[in-house]
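Please open the structure in a viewer and keep the selection panel at hand. The tour proceeds by selections, each followed by a description of what is found there.

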Amino acid sequence: MTGTHPLYLARQLADKGALAAYYTALPGSRTRGVPPHLVHRHLALLPPLYALMKGYSPISHDRLRRLVEGEFDRWVSRRVVQADVVHALAGIGRRLRRAARSRFGALAVCDSQTTHVRYRETLLRAESAKWGRSPTGLDEEIESIEHEYEESDLILAPSRFAYQSFVERGIPSAKLALTPYGVDCDEYTP
């Protein structure tokens, strides 16, 4: 939706002629490199996203994030275009993957961007306890993301560590792909 990784992936897929559509809440100034005719924007989400980034929210950060992610997933699932593969980040693509699979028979890819959600929860709870804090917002999203894992044909893990966390949680290696993130050396130089 807003992160650098999905945007770079969209640019690369577009360069290869393999991008059917890119769904985002980013303004046009932030999606250069993706052909404009392939970009679908949910600009109504810009104010709450800005509030999330700046910490200006009348409700809790976690609640606002879940509301934004849920609205984005509902919006994109109604606008999905025909494709052989649908790729979405964990937590914001459950409806999209379901819609693409049922309408077009698309392969459903879940991009985790981190470890298995239960593994992450264990780490966060241990670290929070170490510092005398309570972790927030974990319980509500865990089951939903686990359903995404179950419903997906493929789960992308960005590191060996993340990949192993899925294996340890019982996800078959045949359902996993190790996909380390690249770096644009023209943009990020020493």
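The stops below cover a sheet, the aromatic pairs, a pocket and a cavity.

**The sheet**

The model is a predicted one. Begin by selecting the strands E3 (85-89) and E4 (107-111), then add E5 (residues 154-157) and E6 (176-178). These four strands make up an open sheet with parallel pairing, and their order is E3-E4-E5-E6. E3 and E6 each have a single partner strand and stand at the edges, so one side of each is left without a neighbour in the sheet. Viewed along the sheet, neighbouring strands are turned by 25° against each other on average, with direction ignored.

Now restrict the view to E4 and E5. Three bridges join E4 and E5 in the parallel sense. Select Cys 110 and look across to E5, where Ile 155 stands opposite.

**The aromatic pairs**

Next, display the aromatic side chains. Four aromatic pairs are found in a search of the whole structure. For one of them, select Tyr 23 and Trp 75: the ring centres are 6.2 Å apart and the planes stand at 85°, so this pair is edge-to-face. Because Tyr 23 belongs to strand E1 and Trp 75 to helix H3, the pair ties together parts that are 52 residues apart in sequence. Tyr 23 and Trp 75 are both buried. Add Phe 72 to the selection, and one aromatic cluster of Tyr 23, Phe 72 and Trp 75 is on display.

Move on to Tyr 149 and Phe 166. Their ring centres lie 5.0 Å apart with the planes at 70°, so this pair is edge-to-face. Tyr 149 sits in helix H6 (residues 138-151) and Phe 166 in helix H7 (residues 160-168), so parts 17 residues apart in sequence are tied together by the pair. Are Tyr 149 and Phe 166 buried or exposed? Both Tyr 149 and Phe 166 are buried.

**The largest pocket**

Select Pro 6, Leu 9, Ala 10, Leu 13 and His 87, which lie nearest the centre of the largest pocket. The lining of this pocket comprises 42 residues, and the volume is about 1000 Å³. Which elements give two or more residues to the lining? They are helix H1 (4-15), strand E1 (22-24), helix H3 (61-79), strand E3 (85-89) and strand E4 (107-111). H1 provides the largest share, 10 residues. Colouring the lining by residue class shows 29 nonpolar, eight polar and five charged residues.

**The largest cavity**

Finally, turn to the enclosed space. The structure holds one cavity of 30 Å³ or more, and the volume of the largest cavity is about 40 Å³. To display its lining, select Arg 94, Arg 97, Arg 98, Arg 101, Ala 108, Glu 148, Glu 151 and Ser 152. At least two of these lining residues come from helix H4 (94-104), and at least two from H6. H4 gives the most, with four residues. What is the division of this lining by residue class? It consists of six charged residues, one polar and one nonpolar.

How values were computed:
Residues numbered from 1 in each chain as written. Predicted model: local features only at pLDDT ≥ 70, side-chain atom pairs only at ≥ 80, totals over all residues. Heavy atoms only, no water. 1 Å grid on protein atoms, 1.4 Å probe; cavity = no way out; pocket = protein on both sides within 12 Å on 5 of 7 lines; lining within 4 Å. Points joined across faces, edges and corners; volume = space filled by probe spheres on them. Nonpolar A, V, L, I, M, F, W, Y, C, P; charged D, E, K, R; others polar. Phe/Tyr/Trp six-rings, centres within 6.5 Å; stacked < 30°, edge-to-face > 60°. Buried < 20%, exposed > 50% of the residue type's maximum accessible area, 1.4 Å probe, protein only. Pairing = 2+ DSSP bridges. Axes fitted to C-alpha atoms, helices over the stretch in contact; angles between N-to-C directions.
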